[in-house]
Amino acid sequence: MIQGMIFDINKYSIHDGPGIRTTIFFKGCPGSCRWCHNPESLSPSVEILYRKDRCIECGGCLKACPNKALSITEQGVLTDSSRCRVCGKCVSACPSEARELVGRTVIVDELMDEIEKDILFYDESGGGVTISGGEPLIQPEFLIALLKKCRERNIHTTVDTMGYADPETLCRVAEYTDLFLFDIKHMDSEKHVECVGVPNKIILSNLRMLLENGYAVKVRIPVIPGINDDPENIERMGKFIVSLPAIGGVSILPYHDTATKKYIQFGIDYRMKEIKNSSSMSAEEVAEQLAKYGLDVKIGT
Amino acid sequence: MNDRIEYLRKESYEAPVTLSTERAELITEFYKENYGKYPVPVMRALALKYLCENKTIYIGKYELIVGERGPFPKAVSTYPELTCHSVGDLEILNSREKTRYSVSNEAIKVYEDKIIPYWRGRTMRDRIFSDLSDEWKESYTAGIFTEFMEQRAPGHTTLDGKFYSKGLYDFKEDIYESLEGLDFKNDPDAMSKQAQLKGMVIACDAAIIFAERHADLAKNMASRESNPRRKKELKIIASNCHRVPAHAPGNFWEALQMYWFMHLGTITELNGWDAMNPGHLDRYFYPFYKQDLENKKLARDEAMELLECFWIKFNNHPAPPKVGITDAESGTYNDFTNINIGGVLQDGSDGVNELSYLMLEVMDEIHLLQPQGNIQLSRKNPDRFLKAACRVIRKGYGYPSIFNADTVIEQMIRTGKTVEDAREGGTSGCVETGAFGKEAYILTGYLNTPKILETTLNNGVDPIKGKKIGIETGDPGGFKSFDELFEAFKLQLHHFVEIKMKGNQYIERMYAEHVPAVFLSVLVDDCISKGKDYNDGGPRYNTNYIQCVGIGTITDSLSAIKKWVFEEGCIKMNELLEALRSDFEGKEPLRLMLINKTPRYGNDDDYVDSIMQQVFNALYDEIDGRPNTKEGKYHIVMLPTTCHIYFGSVMGASADGRKAKMPVSEGISPVQGADRNGPTAVIKSAGKMDHIKTGGTLLNMKLMPGILDGEDGISKLAKLVRTYFRYDAHHVQFNVIDALTLRKAQEKPEEYRALIVRVAGYSDYFCDIGKDLQNEIISRTLQGEL
């Protein structure tokens with residue numbers, strides 16, 4: 001049975017495709033966007049999250065740990081990563097939910113049971129399932145198996161992707177996907193490497209390929225202050241998008257710093273801290289500039 | 001909003017709530033002089049007539065719809081024949097922090113000198129408490145159940161459309177016909193029927209006299225008025241009051257005034273619960289609206305202005321002052337008038353019309369505490385109607401609430417109404433289902449289901465008072481299985497329901513005998529043809545409800561015990577009970593484990609949702625179908641008002657990790673904060689309850705404003721509601737407000753006086769409700785705060 005690694009399932013998801021949806025978050029991503037809202041999605045393996053603010057220092061986790069990897073210090077419970085085997089026993093023992101296991105392996109049938117629970121909401125609203133992440137395309141076989149099953153059950157599917165994948169794989173996925181939400185982050189490849197961690201060439205050509213083959217795609221542009229909101233980049237985006245075959249609309253996703261708390265909880269350095277006040281254009285201005293290319297631009301969905 | 005509406009709205013909003021002794025003085029004078037001279041219904045009708053002949057008549061500056069119960073707006077009447085407030089009560093009312101009623105020294109003097117000396121020992125309240133059994137009193141004071149009729153009369157009804165085509169003179173004809181048909185030779189009840197019917201005639205006259213006095217005053221004011229526009233308005237008011245309620249209304253303005261006199265008549269006669277509900281106003285008023293528009297006698301904005309004047313009148317009438325447990329279970333100025341919009345017509349077709357939309361606009365503009373508004377949403381109603389309601393909901397006043405018209409109809413058909421009567425029915429008060437204009441559907445009291453579990457876990461003893469109030473169902477430490485525990489719970493439930501029921505039947509007869517609602521009986525079918533009172537089985541349908549509270553708390557508690565004690569075995573029963581007794585003192589990890597690791601209701605988890613169904617079925621099996629004394633039956637509703645705060649306050653800690661004295665869950669909502677999988681999971685869990693078998697359920701959801709952004713947010717909220725209703729769900733209402741705003745309002749109430757929030761089946765000013773309830777509302781899980 002093919003297995004996948006996910007880290008969350010979100011019900012009543014209303015900003016990731018049509019209608020009311022269930023969003024499945026795949027774990028693992030080839031990119032490393034500086035503004036990433038889901039830092040827990042980056043690594044493809046299971047991690048243990050610790051929230052000091054919830055910890056009551058009862059010591060339950062220390063007793064439960066078979067590898068003696070934990071100790072109570074001034075900073076709360078510390079994990080010796082050389083000893084931790086991520087078995088999750090400390091998480092089960094934690095009463096206050098200060099410890100959380102991020103990431104779990106699942107099989108398609110298990111996910112389908114969860115997805116089917118909200119079937120009437122999809123029926124009523126024209127919704128369905130969105131697969132997001134992380135990056136869904138790094139688990140292509142599992143992704144395809146899940147998409148096939150959804151198609152069998154007549155459930156609308158959306159894949160939310162950064163498009164950084166082998167074109168052949170993407171084509172196989174596209175065959176079972178009803179809609180792509182495809183991110184464009186920067187037109188300049190060097191800057192793309194700088195802020196996303198990978199070059200953009202294959203991403204842009206994959207987008208063109210999907211559209212040329214008649215697949216439904218909505219382009220999404222996260223507008224990140226000081227990173228991709230300069231008029232020159234937006235102009236290049238506009239020109240590139242109009243050069244593509246007809247797309248199903250462009251969405252502008254304004255930046256917000258709600259992820260800060262997560263970074264603190266994960267103890268990861270948030271690389272957006274210092275630049276958030278350096279925006280050159282607002283989301284509205286970006287939308288306006290893009291609309292000049294005759295594009296149907298919406299903000300926030 | 002034009003200047004007139006702005007003025008009237010502000011006046012109503014700012015008027016202090018005061019206690020008026022006028023009604024108490026008049027009724028005392030009348031009783032002193034007349035008690036014992038007439039059959040009871042005739043005496044009650046004459047008492048109403050005496051009130052109508054002698055009370056102060058008030059016509060406010062700029063008003064277009066006239067009439068007040070008290071001598072001026074927000075001056076609240078008292079009903080000493082039911083509850084005679086003591087000086088201590090009046091002092092509490094005057095000084096308490098929340099829902100205060102300003103009581104003057106003169107008023108206290110009047111009570112001391114005139115009211116209390118006559119009524120003490122004679123009131124319904126005094127007699128109920130002296131007559132009922134000790135076991136009833138013990139359960140009552142332990143907080144197992146409450147009693148709705150200890151301070152207020154049975155009300156809970158809704159008027160229908162009949163008096164828009166018939167005036168009181170026409171009703172009198174019907175009454176005379178019924179009188180003529182009395183069969184003194186063969187019918188042993190003919191004498192009591194005659195008294196009832198004679199009373200009804202007098203009650204009609206009383207209302208007509210009351211209206212005529214308004215006509216006289218308006219005419220008088222018109223003659224002295226210098227402003228020609230106002231002069232003209234006063235003349236029309238005089239003519240309206242001369243015409244209605246004596247005759248059927250002839251135009252839109254008169255139709256509004258007609259309802260208002262009916263409303264005042266019923267709330268002057270008695271202090272029935274839920275004041276009075278007008279029913280499907282959009283459909284009753286529509287023919288007048290259409291006709292006046294077609295004849296160019298009325299423009300849309302004039303209709304809106306009249307409706308707004310009408311709306312404001314409700315807000316001038318805070319609930320009669322409640323004290324003691326009745327105040328605890330229903331601590332609000334809101335008197336629960338709830339206007340229905342939408343639904344289906346008697347023939348089953350879509351009932352939404354232009355006025356439905358206009359009324360949503362009125363609600364949006366006026367947004368005062370009262371009246372409540374709701375939409376009855378049928379699958380036959382268009383989405384644009386639902387979306388128009390969602391746009392008002394987005395503003396955050398907590399209304400309109402949304403009811404599933406199709407389920408409401410099915411509930412009524414299940415309980416024996418004809419299809420036509422069911423379609424003309426709807427919901428009133430908070431969430432109660434009833435056949436409008438044809439049914440007495442009486443709420444009789446709340447039942448504290450988690451407290452019954454607590455008593456079970458203590459083998460029949462109330463651990464708070466240390467007193468045995470239940471029966472011995474076994475030492476829980478000896479229970480071998482969850483089923484054994486549940487069987488013991490069912491035995492305790494049966495025990496307490498029996499006690500409640502005996503009390504109910506007794507009180508029901510007391511009202512039937514001593515306090516008939518003669519005027520209300522004129523307006524509810526088939527009191528006239530039966531010659532019987534509203535309080536004595538006169539209506540076509542006679543339903544009693546028991547409101548079950550805390551389904552979330554009891555479900556999660558049982559889930560915890562089932563999982564940790566009986567399945568996993570990691571907690572011993574006695575260890576758990578000890579922790580509960582000590583309020584988890586020194587056992588915080590255990591408490592958090594119970595909160596965080598127990599499968600909990602509200603997450604679409606069949607493990608625990610099936611326990612909810614098990615509890616629900618136990619309540620249904622125990623209560624539904626029991627007979628009342630009026631050839632009607634008992635059913636259950638799942639509704640809390642503010643009783644979940646009171647019920648929590650009489651309890652120790654519970655197995656779901658709830659600390660002692662904290663509120664229990666409200667309505668059928670999950671325990672505050674227990675739902676962690678978003679609104680669809682809450683809806684799925686709540687949808688597993690069999691709503692058709694109830695007379696109403698209440699689901700509260702709190703949404704972050706951002707979730708409703710744009711037309712897309714509105715449309716998705718609408719779809720969320722539609723999906724809930726595909727599970728035959730009864731009702732849902734939304735608080736659209738973020739927790740931060742509520743916390744700020746707690747800190748600086750003076751800046752947030754106008755902030756309205758949804759409490760249970762009604763909205764209230766956030767700053768007017770108790771701190772416990774404020775905290776409880778803040779702790780309800782906010783959907784969208786991710």
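# Exercises on a predicted two-chain model

B:Lys661 sits in the loop that runs between α27 (643–649) and α28 of chain B. The model is a predicted one. Work through the exercises with the structure open.

## Exercise 1. Backbone at selected loop residues

Task: find what phi B:Lys661 has, then treat A:Lys68 likewise, giving its phi, its loop and its exposure.

Solution.
- Step 1. B:Lys661 is not a glycine, yet its phi is positive, about 70°.
- Step 2. A:Lys68, also a residue other than glycine, has a positive phi near 50°.
- Step 3. The loop of A:Lys68 lies between α1 (60–64) and β4 (70–73) of chain A.
- Step 4. The relative accessibility of A:Lys68 is 66%, so A:Lys68 counts as exposed. The cut-off for exposed is over 50%.

## Exercise 2. Cis peptide bonds

Task: state which residue precedes B:Pro245 at its cis peptide bond and which precedes B:Pro400, then place both prolines.

Solution.
- Step 1. B:Val244 precedes B:Pro245; the peptide bond is cis, with omega near 5°.
- Step 2. B:Pro245 belongs to the loop between α10 (228–243) and α11 (252–269) of chain B.
- Step 3. B:Tyr399 is joined to B:Pro400 by a cis peptide bond with omega about 0°.
- Step 4. B:Pro400 falls in the loop between α16 (383–393) and β5 (401–404) of chain B.

## Exercise 3. The buried side of a helix

Task: list the buried residues of α3 in chain A, explain why they share a side, and name elements that cover them.

Solution.
- Step 1. Helix α3 spans residues 108–116 of chain A, with A:Val108, A:Leu111, A:Met112 and A:Ile115 buried.
- Step 2. Around the axis these residues take up an arc of only 105°, so they are on the same side of α3(A).
- Step 3. The spacing fits a general rule: an α-helix has 3.6 residues a turn, so residues three or four places apart point the same way.
- Step 4. The cover over the buried residues of α3(A) includes strands β1 (3–13), β2 (21–26), β7 (104–107) and β8 (128–132) of chain A. Helices α4 (119–125) and α5 (140–152) of chain A are also part of the cover.

## Exercise 4. Two domains in chain A

Task: describe how domain 1 of chain A meets domain 2 of chain A, from bounds to buried area to salt bridge.

Solution.
- Step 1. The domain assignment gives domain 1 as 3–43 + 104–299 and domain 2 as 47–102.
- Step 2. Their C-alpha centres are 33 Å apart.
- Step 3. Contact involves six residues of domain 1 and five of domain 2.
- Step 4. About 590 Å² is buried between the two domains, 58% of it from carbon and sulfur atoms. A:Lys27, A:Gln265 and A:Phe266 supply 71% of the area buried by domain 1 against domain 2, more than any other three residues.
- Step 5. One salt bridge is counted between the domains. The side chains of A:Lys27 and A:Glu47 form a salt bridge at 2.5 Å, N to O.

## Exercise 5. Chain B against chain A

Task: characterise the interface of chain B and chain A by contacts, area and polar pairs.

Solution.
- Step 1. Each chain is in contact through 24 residues.
- Step 2. The chains bury about 2,100 Å² between them, with 60% on carbon and sulfur atoms. In chain B, B:Thr680, B:Lys716 and B:Arg726 lose the most area to chain A, together 27% of what that side buries.
- Step 3. Two salt bridges cross the interface. B:Arg726 and A:Glu124 meet in a salt bridge through their side chains (3.1 Å, N to O).
- Step 4. Twelve residue pairs are in polar contact, both residues at pLDDT 80 or more.
- Step 5. On the side of chain B that touches chain A, α25 (588–597), α28 (679–687) and α29 (710–726) each give two or more residues. The largest share, eight residues, comes from α29(B).

Conventions:
Residues numbered from 1 in each chain as written. Chains lettered and ligands numbered in written order. Heavy atoms only, no water. Buried < 20%, exposed > 50% of the residue type's maximum accessible area, 1.4 Å probe, protein only. Helix = DSSP H or I, 4+ residues; strand = E, 2+ residues; numbered from the N terminus. Arc of directions from axis to C-beta. Contact = heavy atoms within 4.5 Å. Domains from an automatic or database assignment. Buried area = accessible area lost by both parts, 1.4 Å probe. Salt bridge = Lys/Arg side-chain N within 4 Å of Asp/Glu carboxyl O. Polar contact = N/O pair within 3.5 Å; in protein donor to acceptor, adjacent residues only side chain to side chain.
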